[in-house]
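Look over the sequence and the fold below. The report then covers the ligand site and the aromatic pairs.

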Amino acid sequence: MTSTVPAEPYPFTFDQASTALVIIDMQRDFVEPGGFGETLGNDVSLLAAVVPPLRTVLETARAVGLTVIHTREGHVPDLSDCPPAKLNRGDPTKRIGSPGPKGRILIRGEYGHDIIDELAPLPDELVIDKPGKGSFHGTTFGAELAARGITSLVVTGVTTEVCVHTTVREANDRGYECLVLSDCTGSYFPEFQRVGLAMIAAQGGIFGWVAPSAAFLAALNVESETALEEVPS
Ligand code: C5J
């Protein structure tokens, strides 16, 4: 069953059976104080606005049976998957792997590396651990999408101009059609948020489409008006 979302630069049509909601890096290390995002000098409070609309999209996606995939950026404890060029960024006393208030910064298995409680994955939802900014690089993401017959991605999460952009660009080059939900993506820089979204839809949708979450929710074929009410809060 196909659905159409009013979007920039033109309507985005998708088949729910071959579409996944992708939630990029909604981790404590990026969203909450004391994590990697803050060690790089960012005001993490700017990302808080993403959480309520994204939670509504996540709950609706679950209610209609859409495939949901979460990603987490981070590294193995011995940092063997972290290139020096990445490791050497930011305040030398608070780099990836350094101890922080939420455990070692951006290290798999640490509290800060995990996804915020509001958007915690369900046991049957796929979580892709990625060492880079893009979701395809160094992961099984592409194989998992192929195994599920997914051809369209509805992309959300943080940050818009880094991991969301990199993932959408990687996906576009691999033939996926990507809709980015404007209010469900966030940046530490308001101007990057605005321009980052504009870049996706510019030039006739050079690597994707952009729409607000309300437009996507209206297009989802919710089986009954009560579908959302049935989701436990
Ligand atoms: C960054 C990300 N910004 N998830 N990661 O380093 O966008």
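A residue counts as near a molecule if one of its heavy atoms lies within 4 Å of it. The model is predicted: local features need pLDDT of at least 70, side-chain atom pairs count only at pLDDT 80 or more, and totals for chains, interfaces and linings use all residues. Residues are numbered from 1 along each chain as its sequence is written, and side-chain values use heavy atoms, leaving out hydrogens and water.

**The ligand site**

Asp25, Phe30, Glu73, Lys133, Val158, Thr159, Val162 and Cys163 surround the ligand. This shell has four nonpolar, one polar and three charged residues. Asp, Glu, Lys and Arg count as charged; Ala, Val, Leu, Ile, Met, Phe, Trp, Tyr, Cys and Pro as nonpolar; the others, Gly among them, as polar.

The table gives polar contacts of the ligand, pairs of N or O atoms within 3.5 Å.

| Ligand atom | Protein partner | Distance |
|---|---|---|
| oxygen | N or O atom in the side chain of Lys133 | 2.8 Å |
| oxygen | polar backbone atom of Thr159 | 2.9 Å |
| oxygen | polar backbone atom of Cys163 | 3.1 Å |

Taken alone, the ligand exposes 230 Å², and the protein buries 93% of that. Such areas come from the Shrake-Rupley method with a 1.4 Å probe.

**Aromatic pairs**

Rings of Phe, Tyr and Trp (its six-membered ring) pair if their centres lie within 6.5 Å; planes under 30 degrees apart are stacked, over 60 edge-to-face, the rest tilted. The count is eight aromatic pairs. Phe12 and Trp209 form an edge-to-face pair, 5.0 Å centre to centre with 65 degrees between the planes. This pair links distant parts of the chain, 197 residues apart. Phe12 is in strand β2 (residues 12-15) and Trp209 in strand β10 (residues 209-211). Strands are DSSP runs (E, at least two residues), numbered from the N terminus.

Conventions
A polar contact is a pair of N or O atoms within 3.5 Å; within protein, one must be able to donate a hydrogen and the other to accept it, and residues adjacent in sequence count only if both atoms are side-chain atoms. Helices (H or I, at least four residues) and strands (E, at least two) are DSSP runs, numbered from the N terminus.
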